[in-house]
Amino acid sequence: MPRTTMNFSRYRMGALALVAVAIAVLPSAALSATGKQDPELAEMQNKLDQSLQMIQALTERVRELEAKQAAATAAATPPAAPPAAPVVADNSRLEAAEQKLDQLEKENASRTADDTGLPLHGFADVGVGTHNPINPALKGTYVGNLDFYLSPRLGDHTRALFEMNTEVGSDGTVGVDLERAQIGYQFNDQATLWVGRYHTPYGYVNTALHHGSWINNTLRRPRFLQFEDNGGIMPAHTVGLWLTGSTHVGGGKVLYDFYAGNSQEIFGGVLDMRNAGNTNGHMGGGARLAYQFSSGTAEGLMLGVHAFTARIGDNAMPANATRVLAYGGYAVYDTDQWEDIAEIYLFDDRDINGGSGTHRSNAGFVQFGYRATWGVPYARYERTVLEQTDPYFAALEGGGSYHRVALGARFDLDLKSAVKLELANTRLTDRSLEQYSEGLVQYAIRF
Amino acid sequence: MRSASDHATCPRPRLASRPRACLLAVVLAGASGAATAADLYVVCNANVTLQSSDVRDVFIGEKSFAGSTRLTPADNLAAQAAFLQRVVKVSADRYTSLWTKKSFRDGANPPPVKASDAETIAYVRQTPGACSYVQTTPPAGVIVVGKF
């Protein structure tokens with residue numbers, strides 16, 4: 001393994017030589033058109049000559065050192081010829097130059113290793129369409145999300161993530177949500193325990209993609225997996241504890257998640273994750289397990305299962321309460337060329353207060369995306385069949401069944417901005433039989 | 001095989017000092033070390049014990065510890081294209097995208113970026129847990145984890 005110091009001395013000498021060449025070029029450019037030099041230039045020229053002489057001396061000194069090292073390493077050969085008489089002044093200059101370089105090196109390294117501040121990241125998007133992508137009753141131009149997240153560099157084991165999202169509601173008012181506030185302890189590469197408000201780990205989309213539209217190749221998430229205040233039927237956030245990690249197994253990796261937190265409740269038709277705790281003390285939780293292929297022909301493929309349960313009540317009079325049990329699986333094929341995702345959710349909900357028994361529902365989507373040189377075209381089909389006698393879905397504003405077909409494309413303008421187009425047709429299948437088509441354009445950035 | 005110094009040509013001198021500058025340029029070119037342009041060395045701080053098979057995971061944020069040592073990888077802009085192609089095996093755009101998702105999902109921060117081999121070596125030598133990569137023969141004071 002090469003660890004020679006002589007090569008590094010060469011770098012230093014090279015750097016000195018480069019500085020000298022730069023000094024040599026600058027005064028020459030300052031010569032007047034008449035060929036005369038003013039006194040300052042003459043003085044600089046003298047200094048330049050002195051510098052070059054010093055460089056020459058240093059170059060000679062390097063050669064001497066190289067010759068000495070070569071002689072020392074060649075034990076079988078006779079000692080090298082005595083070097084030329086050492087130049088004491090050159091030696092001291094060389095040492096001074098090396099010390100200075102060492103100092104600069106240390107300063108630079110410590111500067112780059114320092115905490116240079118709090119990393120602040122964010123996403124934003126705007127768009128225009130025949131319908132608002134979240135609320136189809138609205139049309140025209142819309143302001144999407146302005147999302148900030150902070151990921152401070154802490155100690156070796158402590159991690160933190162805070163995400164604040166500003167979004168425009170259907171009535172045009174701007175609201176601010178603390179979407180994520182989680183602090184975690186990373187025991188090792190296999191286990192991290194988070195506490196706080198986090199993305200509930202079910203399926204793939206809810207944790208891999210989130211509030212930033214730029215991060216998503218498609219223009220929007222599947223309708224039933226939208227966030228709570230956008231009509232989603234699953235609790236996208238949980239406030240509680242989350243143990244997560246992965247470990248290599250075979251040619252791939254096993255990923256796991258276990259979590260428990262405050263049971264969500266429904267207020268005004270919207271799931272609420274009870275940030276400050278709930279009054280009834282009920283808890284929900286779940287798990288996710290996946291295998292990610294890291295080599296071979298299946299590289300990029302991930303297969304997983306997930307389950308979630310919670311006792312979820314609402315604020316109706318009298319109040320409903322449902323033991324929600326959702327479980328299912330997902331598959332993802334994510335490579336340099338493909339981004340294909342499929343998720344399925346099966347519901348087996350039990351009516352606790354109303355005594356209407358158990359209600360079964362299902363929801364799912366399949367999406368194909370291809371990373372072409374010019375963009376990412378995609379196609380998605382999504383469908384829900386939600387039992388309307390289930391008090392859980394009946395209480396949710398977005399609890400109606402539907403199916404949607406969407407075709408779209410993403411065009412990256414640069415590394416931080418993208419334009420997305422989507423054509424979609426949505427058919428509502430139980431609460432109303434409405435059908436509508438959409439043409440949507442979105443401009444999304446990250447910063 | 002042509003050496004780097006073969007490429008150092010001396011233009012017609014315009015100043016008396018130019019021949020000396022040209023000599024220095026030749027010396028500078030010769031100082032590029034014994035490594036060929038095809039060599040890529042992954043180097044770590046002396047306190048790091050790492051397998052070459054772990055390098056990819058380190059640079060995509062999947063491996064954060066080597067034993068009890070917290071790893072602090074850094075990218076080297078001067079050698080990043082070769083590194084991404086040979087070791088991480090993703091395009092530069094995909095690498096950026098991976099880290100953006102990782103950062104947004106897990107709160108992890110992407111590796112800082114160094115501008116040159118010299119700056120990279122200085123960072124690795126001085127920073128416990130640091131790992132990076134260079135295209136010149138690594139000097140003493142760092143551990144070579146692998147040559148790609």
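Good morning. A residue is called buried here if 20 or more other C-beta atoms lie within 10 Å of its own. By that criterion, 37% of the 447 residues in chain A are buried. I should say at once that this is a predicted model.

Let me begin with confidence. The average pLDDT of chain A is 83, and 74% of the residues score at least 70. Two stretches call for caution. Residues 73-85 of chain A have a pLDDT below 50, and this stretch makes six contacts in the model beyond near neighbours in sequence. Residues 109-114 of chain A also have a pLDDT below 50, with 10 such contacts.

I turn now to the architecture. Chain A contains five helices and 18 strands. Of its contacts between residues at least 6 apart in sequence, 54% join residues at least 24 apart.

Where, then, do the nonpolar residues gather? The largest nonpolar core comprises 42 residues, and A:Ile233, A:Met234, A:Ala326, A:Tyr392, A:Phe393 and A:Leu396 have the most contacts inside it. Two or more residues apiece come from strand S1 (120-129), strand S11 (301-314), strand S12 (321-334), strand S13 (338-351) and helix H5 (391-395) of chain A. In soluble globular proteins, nonpolar side chains tend to be buried together.

Which residues does A:Ile233 touch, if we leave aside neighbours within four places in sequence? Its contacts are A:Phe224, A:Ala363, A:Phe393, A:Leu396, A:Gly398 and A:Gly399. Apart from this core lies another, of 25 residues, including B:Val55, B:Phe59, B:Ala74 and B:Val134.

Thank you for your attention.

Conventions
Residues are numbered from 1 along each chain as its sequence is written. Chains are lettered from A and ligands numbered from 1 in the order in which they are written. This is a predicted model: local features need pLDDT of at least 70, side-chain atom pairs count only at pLDDT 80 or more; totals for chains, interfaces and linings use all residues. A nonpolar core is a set of buried Ala, Val, Leu, Ile, Met, Phe, Trp, Tyr and Cys residues joined through C-beta atoms within 7 Å. A residue is buried if 20 or more other C-beta atoms lie within 10 Å of its own, exposed if 12 or fewer, and partly exposed in between; C-beta atoms are placed from the backbone. Helices (H or I, at least four residues) and strands (E, at least two) are DSSP runs, numbered from the N terminus. Two residues are in contact if their C-beta atoms, placed from the backbone, lie within 7 Å. pLDDT is the predictor's confidence in each residue, from 0 to 100.
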